[in-house]
Amino acid sequence: MLFAAENNTWLGLHTADWIILALYFVVILAIGLWSVKKVKDMADFFMGGRRFGKVFMMFFAFGSGTSSEQAISVVAGTWRAGLAGIWWQFLWLWATPFYWIVAPLMRRMRALTTADFFETRFNGPTAVMYSFYGIAISITFIAGGLFGTGKMVDALTGNELDRLSVEANIMVPAAEWDTTEKTFHITERRLQGYEFAILAVTVMFVIYGMAGGLGAAIITDFIQGILTIIFSFLLLPFVFYEIGGFGMLHEQSDLKKGMLDLTVSPELAATMGEPITPFYVCMLSITALAGIVIQPHIMGVCGAGKTEYEGRFGFTVGNFLKRFCTVAWTFTGLACIVWYMGDNSPLKTSADPADQAIYQSLLVRASPEYDQLSDEEKAKVETTDKNFADKLFGMAAHDILPRIAPGLVGLLLASLLAAVMSTSDAQMIISSGLFTENIYRKCIAKNKSQRHYLWVGRLAGLVIVILALILQTTFTDIIDALKTIVKTPACIGISLWFGIIWRRWNVISVWVSTITGIVVWSVVAFHADSLYNSGLLPESMFKSGTEMKDVWQMFSFMSLAILSGILVSFLTPRQPQQKLDHFFRLMHTPVKLNEVIDAPCTLPAEPEPMGRKLFPNSKDIEIPYPTFQDLAGFALAWGAVAAIIFLTQFLAKVA
């Protein structure tokens with residue numbers, strides 16, 4: 001039964017929606033304030049006291065790694081590329097089995113932050129370098145999550161926030177990249193409607209995150225993880241009802257060429273902004289695998305559990321839970337293609353001429369007629385298509401859910417906020433730990449009280465969030481934000497992978513590899529016109545005379561970063577033997593229940609016996625000998641990867 005729309009609304013939301021939102025906010029704030037009592041020292045604030053079991057760790061991994069902008073990016077990517085848009089999140093699918101292997105190693109470091117790894121394995125200056133880099137990673141992740149969430153909240157209100165922003169007319173500074181002068185310019189613009197939503201979300205997660213630390217984040221992530229699952233599946237059955245059932249996907253698959261193909265053909269890729277070819281998927285996956293382990297919150301995901309098993313179970317299973325949610329996001333996007341581009345599109349039947357103009361523009365973008373347009377007309381149509389894609393998830397919810405029952409939009413909105421807040425709070429806390437523990441405590445103010453460092457950590461988190469708010473103003477669309485998120489950690493992530501398995505990778509390797517990757521990325525991203533005009537590279541590597549294809553950007557900076565690091569490793573001296581022996585003893589010593597350590601990256605008084613190496617006669621390779629649990633879990637994880645891909649293809653074929 002469909003309910004008639006009522007007038008008792010404010011900012012596009014029904015009274016029932018506001019009641020559900022209010023209940024959600026009260027519960028989350030109460031948890032944050034209650035968690036204050038649990039915070040007594042740095043380990044409590046930044047690692048939650050290492051007291052959590054498998055279920056909490058699973059939802060922490062799921063919640064901290066699942067943000068609403070990911071669902072929005074998949075739906076937006078699906079709108080623009082069909083089923084192949086799933087790779088905007090499946091790019092991490094191939095990396096997931098390795099979480100089972102790397103999580104115990106991360107836990108065995110017995111570190112508070114990832115910078116502790118760099119100090120123990122390399123040296124203090126390298127840890128400081130990572131701390132700044134890690135903070136930049138967190139700022140990027142928070143900015144991307146807030147950007148996507150703001151766009152969706154605005155759409156959920158029926159663009160009421162946009163109208164509010166016009167009335168308020170608040171002017172704020174903005175940074176813009178000038179492609180001609182190759183510089184950033186500070187300009188002025190009006191505060192956008194979606195940014196009102198961003199500010200409201202930010203206030204919420206900052207309050208409970210600053211109060212309760214990682215313990216509050218893990219507990220709230222348990223609640224928010226459940227809400228995120230609801231958020232992922234809530235809209236799916238209703239949007240399929242609107243198009244007449246699951247089978248309509250095949251009947252209407254001609255609305256967009258290759259709509260149900262899992263990868264994009266090279267011919268179609270040449271006409272798309274995101275050429276999701278097998279090579280592109282491969283490069284996305286390699287870049288994601290390099291960067292995932294270095295993300296600042298991953299040390300908490302792997303290290304806040306009671307033992308290493310809790311970390312590996314939570315990290316792996318929590319992320320597989322996210323992969324299943326990704327399938328739901330994708331098919332929601334496919335159904336939206338049929339609904340909004342079909343004959344019964346609410347845009348086509350709308351009395352608003354602006355909606356009808358958008359409908360016609362969307363049809364042109366998906367038709368051969370697009371290729372015949374002038375560059376100026378193409379840019380206009382492309383902008384309309386991108387803006388529509390970014391708001392698609394929220395727009396569909398706004399158009400459907402109020403007619404089902406009052407309060408459903410509020411439930412979806414609470415789930416949406418849960419998704420972004422669970423990620424942002426973890427990023428804020430872990431990155432503030434990087435500053436407090438590895439920059440402030442060791443380089444600025446030594447031998448202060450625990451209370452002093454706790455307050456410094458809280459204030460650092462606030463500054464980090466403010467910088468993220470500034471960064472999100474530079475993003476142009478959801479996919480643009482996701483590309484930045486994928487690439488940012490990869491340059492320095494290379495050094496963690498080599499650092500835990502190869503003794504020859506030294507301090508100079510870290511610096512050279514990281515700087516090479518950053519410099520090359522900057523050149524191919526911001527100075528592609530010079531490379532294009534030089535004639536040194538084939539034209540097929542470029543989208544245009546001013547932009548290199550994304551896949552070749554990743555190939556360039558990843559390959560040169562790895563090669564430069566390996567070359568330097570052979571040309572420069574090793575790390576001191578004693579330092580290497582201490583670090584790899586940590587890597588080969590399992591964590592025991594309730595063990596107590598005096599400082600990060602140290603062993604307890606009576607450690608477990610060291611495990612064997614896979615290559616005991618090698619002086620350089622330090623891969624632990626796999627146990628039955630290692631091999632069985634790794635094999636099961638690959639089975640899960642195959643099952644998820646099979647499920648996705650099966651659903652696409654039977655649709």
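**Exercise 1. Helix α7 against helix α26**

Task: Classify how α7 and α26 are oriented to each other in this predicted model.

Solution.
Step 1. Two packed helices are described by the angle between their axes and the distance between the axes.
Step 2. Take the distance. The axes of α7 (residues 114–121) and α26 (residues 577–587) come within 9 Å.
Step 3. Take the angle. The two axes cross at roughly 140°.
Step 4. Apply the cut-offs. Roughly antiparallel needs an angle over 145, and roughly perpendicular covers 65 to 115.
Step 5. Conclude. α7 and α26 are therefore oblique to each other.

**Exercise 2. The residues in that contact**

Task: Find which residues of α7 meet which residues of α26, and sort them by class.

Solution.
Step 1. On the α7 side, list F117, E119, T120 and R121.
Step 2. On the α26 side, list K579, L580, H582, F583, F584 and L586.
Step 3. Sort by class. The contact of α7 with α26 has five nonpolar, two polar and three charged residues.
Step 4. Check the cover of α7. Seven of its eight residues are buried, so α7 is mostly covered.
Step 5. Name them. The buried residues of α7 are T114, A115, D116, F117, F118, T120 and R121.

**Exercise 3. Three buried positions**

Task: Decide whether M259, Q472 and A426 are buried or exposed, and describe their surroundings.

Solution for M259.
Step 1. Place the residue. M259 sits in the loop between α12 (248–251) and α13 (266–269).
Step 2. Apply the cut-off, under 20% relative accessible area for buried. M259 has 2% relative accessibility, so M259 counts as buried.
Step 3. List neighbours, leaving out residues up to four places away in sequence. M259 touches G82, L83, L249, Q252, S253, L334, I337 and V338.
Step 4. Compare sequence with space. M259 and R80 are 179 residues apart in sequence. Their C-alpha atoms are 9.2 Å apart.

Solution for Q472.
Step 1. Place the residue. Q472 belongs to helix α20 (residues 450–472).
Step 2. Judge the accessibility. The value is 3%, so Q472 counts as buried.
Step 3. Look for a polar partner. A polar atom of the Q472 side chain lies 3.3 Å from the backbone oxygen of L469.
Step 4. List neighbours, again leaving out residues up to four places away in sequence. Q472 touches A143, F147, Y194, E195 and I198.

Solution for A426.
Step 1. Place the residue. A426 is in helix α19 (residues 408–444).
Step 2. Judge the accessibility. The value is 0%, so A426 counts as buried.
Step 3. Compare sequence with space. A426 and G300 are 126 residues apart in sequence, with a C-alpha to C-alpha distance of 8.5 Å.

**Exercise 4. Salt bridges**

Task: Examine the salt bridges R163 with E160, D343 with K348, and R365 with E382.

Solution for R163 and E160.
Step 1. Check the distance. The cut-off is 4 Å. The N to O distance is 2.8 Å, and the side chains meet in a salt bridge.
Step 2. Check the spacing. R163 and E160 are three residues apart in helix α9 (residues 160–168), so about one helical turn separates them.
Step 3. Check the accessibility. R163, at 42%, counts as partly exposed. E160, at 28%, also counts as partly exposed.

Solution for D343 and K348.
Step 1. Check the distance. The closest N and O atoms are 3.8 Å apart.
Step 2. Check the accessibility. D343 is exposed, with a relative accessible area of 60%. K348 is partly exposed, at 39%.

Solution for R365 and E382.
Step 1. Check the distance. N to O is 2.6 Å in this salt bridge.
Step 2. Place the partners. R365 is in helix α17 (residues 353–365) and E382 in helix α18 (residues 375–400). The pair is 17 residues apart and links distant parts of the chain.
Step 3. Check the accessibility. R365 counts as buried at 17%. E382 is buried too, at 16%.
Step 4. Turn to shared partners. Salt bridges join R503, D581, K613 and E622 into one network.
Step 5. Give the total. The count comes to 18 salt bridges.

**Exercise 5. The whole chain**

Task: State how many helices and strands the protein chain has, then describe burial and contacts.

Solution.
Step 1. Count the elements. The protein chain has 27 helices and six strands.
Step 2. Take the burial. Of 655 residues, 57% count as buried.
Step 3. Take the contacts with a separation of 6 or more. Residues 24 or more positions apart account for 80% of them.

Key:
Residues are numbered from 1 along each chain as its sequence is written. This is a predicted model: local features need pLDDT of at least 70, side-chain atom pairs count only at pLDDT 80 or more; totals for chains, interfaces and linings use all residues. Side-chain values use heavy atoms; hydrogens and water are left out. Axes are lines fitted to C-alpha atoms, for helices over the stretch in contact, and angles run from 0 to 180 degrees between N-to-C directions. Helices (H or I, at least four residues) and strands (E, at least two) are DSSP runs, numbered from the N terminus. Angles under 35 degrees count as roughly parallel, over 145 as roughly antiparallel, 65 to 115 as roughly perpendicular and the rest as oblique. Contact means heavy atoms within 4.5 Å. Ala, Val, Leu, Ile, Met, Phe, Trp, Tyr, Cys and Pro count as nonpolar, Asp, Glu, Lys and Arg as charged, and the others, Gly among them, as polar. Buried means under 20% relative accessible area, exposed over 50%, partly exposed in between (1.4 Å probe, protein chains only). A polar contact is a pair of N or O atoms within 3.5 Å; within protein, one must be able to donate a hydrogen and the other to accept it, and residues adjacent in sequence count only if both atoms are side-chain atoms.
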